[in-house]
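Colleague: Could you take one part of this model and walk me through it slowly? I am new to this, so please explain the terms as you go.

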Amino acid sequence: MEADILVVGGGIGGVAAALGALRTGRTVILTEEYDWLGGQLTSQAVPPDEHTWIEQFGATASYRALRDGIRDYYRRHYPLTAAARARRDLNPGAGWVSRLCHEPRVSVAVIDAMLAPYRGCGRLTVLQPYRPVAAATDGDRVTAVTLAHRHSGERITATAAYVLDATETGELLPLTGTEYVTGFEARGDTGEPSAPDTAQPLNMQAVSFCFAVDHADGDHTIDRPASYDFWRAYRPPFWGAPLLSWSAPHPRTLETVERMFTPDPGDDPAAVVADQRVSGGDLNLWTYRRIAARDNFTAGAYDGDITLVNWPMIDYLEGPVIDVTDADRHLAAAKELSLSVLYWMQTDAPRPDGGTGFPGLRLRGDVTGSADGLAQAPYIRESRRIRAEYTVPEQDLSLDVRGGKGAVNYPDSVGIGMYRIDLHPSTGGDNYIDVPSSPFEIPLGALIPVRMENLLPAGKNIGTTHITNGCYRLHPVEWNIGEAAGLLAAHCVEHGLTPRAVRNTPVPLEDFQRTLTAHGVELRWPDISGY
């Protein structure tokens with residue numbers, strides 16, 4: 001198969017990359033390993049983690065179209081109450097983590113609708129479920145990528161002028177021999193004040209298998225997981241409590257705090273205002289990542305709320321899943337951890353009334369689209385990262401370092417983003433690192449590999465560090481990165497340029513930035529402060 005641009009990985013960045021390239025008239029092959037396009041928003045089942053100003057500014061026009069499309073889908077197809085339907089800022093799940101907590105199937109439907117015209121006219125080919133297994137190169141160029149069907153093993157070889165790696169773990173980087181890093185870099189390499197003295201390439205943020213639950217009449221207790229006794233006794237040294245408990249470190253203070261858990265609390269959805277400046281919103285676990293608030297819908301439509309479990313106790317700390325020979329074992333153990341958390345909640349978890357267990361908790365695999373009841377894919381917070389022409393260090397955007405100056409302004413900005421530097425506990429034994437950030441820009445140099453000429457990162461695999469990945473990894477930023485990469489590849493095809501030449505030559509850079517602006521990509525922040 002052949003196209004102008006091959007996008008490997010159909011997560012948030014991959015979808016945005018494909019859309020950007022398709023809008024310019026290019027032909028695109030988009031591949032995805034799982035049954036749903038959308039990555040962390042859909043197959044990983046993570047509601048969007050977004051910044052405070054997302055309803056006003058700080059996102060690309062196409063990401064805003066995605067958000068608007070999600071709300072419009074609810075208004076067209078869901079039995080909302082009149083009050084919920086009338087809210088411009090409808091938050092279907094009334095979750096505290098996001099102003100747009102929603103069921104992943106809705107994102108799937110909206111993403112499919114955004115891509116449908118291009119599939120219809122034949123300029124977009126989507127290959128699912130396919131994953132990359134090999135690549136061919138000629139010097140500094142990728143000449144072909146081989147993809148295998150997840151079930152049958154059938155292989156397809158795809159070629160394109162530009163190849164974009166939008167996989168969740170940077171799968172094309174080792175396959176193509178592209179230079180990359182993993183884990184925690186040394187302070188001597190990055191100059192970051194929070195980095196360790198020596199590099200720790202296998203020290204990566206925890207992966208998690210998320211899952212959805214509701215609370216219904218009857219006993220819905222799952223079979224006891226085989227490793228339940230192990231996880232029941234598991235106690236990370238920095239946790240201050242067993243992992244399977246309502247207690248965990250507060251991400252910002254590291255103090256061990258006890259969370260609340262009250263299924264179907266009957267709270268007012270309109271009173272929920274998700275604002276990361278004020279609080280992470282995770283002290284009440286049920287409402288933290290709730291994706292369907294019963295009282296947003298007409299009486300009887302939903303028997304109760306649906307909440308998404310992406311909570312501290314499902315973070316898997318026993319080992320990384322990138323560049324290790326036992327990745328499959330760790331992924332299987334991460335699934336066992338999530339099922340053990342559910343079983344603990346159903347049987348052993350303390351209740352406010354003094355009893356134990358919530359047997360009415362019901363695993364909602366129909367919501368996540370999987371046979372085992374968990375999300376289709378693991379939530380990957382940290383990828384392989386290219387060795388880039390420019391690597392974004394902590395001191396470029398940390399509020400503690402930058403103070404009132406704001407983040408560094410990059411002359412080659414291709415977008416903007418904002419989130420706290422949010423690192424989950426890691427496989428190297430680190431606790432949370434959750435510190436303030438300044439609203440930041442995305443430098444084009446972070447998308448340019450030091451050597452490869454026609455391979456571009458289109459997700460969490462850009463030139464960040466272990467630390468700055470903590471704020472560049474979230475939904476709207478990944479979308480912006482992917483969209484910029486897709487538009488860059490299309491721009492290079494049209495004008496006969498290389499990405500390196502675009503970045504390092506003033507007139508082509510200005511021309512490309514005008515193209516980005518015309519497509520609704522914001523390159524600079526207004527004068528605002530971080531948090």
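Modeller: Happy to; here is a close look at one helix and its two helix neighbours.

This is a predicted model, in which local features need pLDDT of at least 70 and side-chain atom pairs count only at pLDDT 80 or more, while totals for chains, interfaces and linings use all residues. Residues are numbered from 1 along each chain as its sequence is written, and side-chain values use heavy atoms, with hydrogens and water left out.

Our helix is α2, residues 61-77. The names come from DSSP runs numbered from the N terminus: helices are H or I runs of at least four residues, and strands are E runs of at least two. Two packed helices are described by the angle between their axes and the distance between the axes. Axes here are lines fitted to C-alpha atoms, for helices over the stretch in contact, and angles run from 0 to 180 degrees between N-to-C directions.

Start with α4, residues 104-120: α2 packs against α4 at an angle of about 120°, with the axes 9 Å apart. That makes α2 oblique to α4; angles under 35 degrees count as roughly parallel, over 145 as roughly antiparallel, 65 to 115 as roughly perpendicular and the rest as oblique. The crossing of α2 with α4 is right-handed, a word used if the near helix is turned clockwise from the far one by less than a right angle.

Which residues meet? Contact means heavy atoms within 4.5 Å. From α2 come S62, A65, L66, G69, I70, Y73 and Y74, and from α4 come V106, S107, A109, V110, I111 and M114. Sorted by class, this contact has ten nonpolar residues, three polar and no charged. Ala, Val, Leu, Ile, Met, Phe, Trp, Tyr, Cys and Pro count as nonpolar, Asp, Glu, Lys and Arg as charged, and the others, Gly among them, as polar.

Now turn to α13, residues 475-495, whose axis comes within 9 Å of that of α2 and crosses at roughly 130°. The two helices are therefore oblique to each other, and α2 passes α13 in a right-handed crossing. Here S62, Y63 and L66 of α2 meet H475, P476, W479 and E483 of α13. This contact holds four nonpolar, two polar and one charged residues.

Notice two residues as you rotate the model: S62 and L66 in α2 are part of the contact with α4, and S62 and L66 also take part in the contact with α13.
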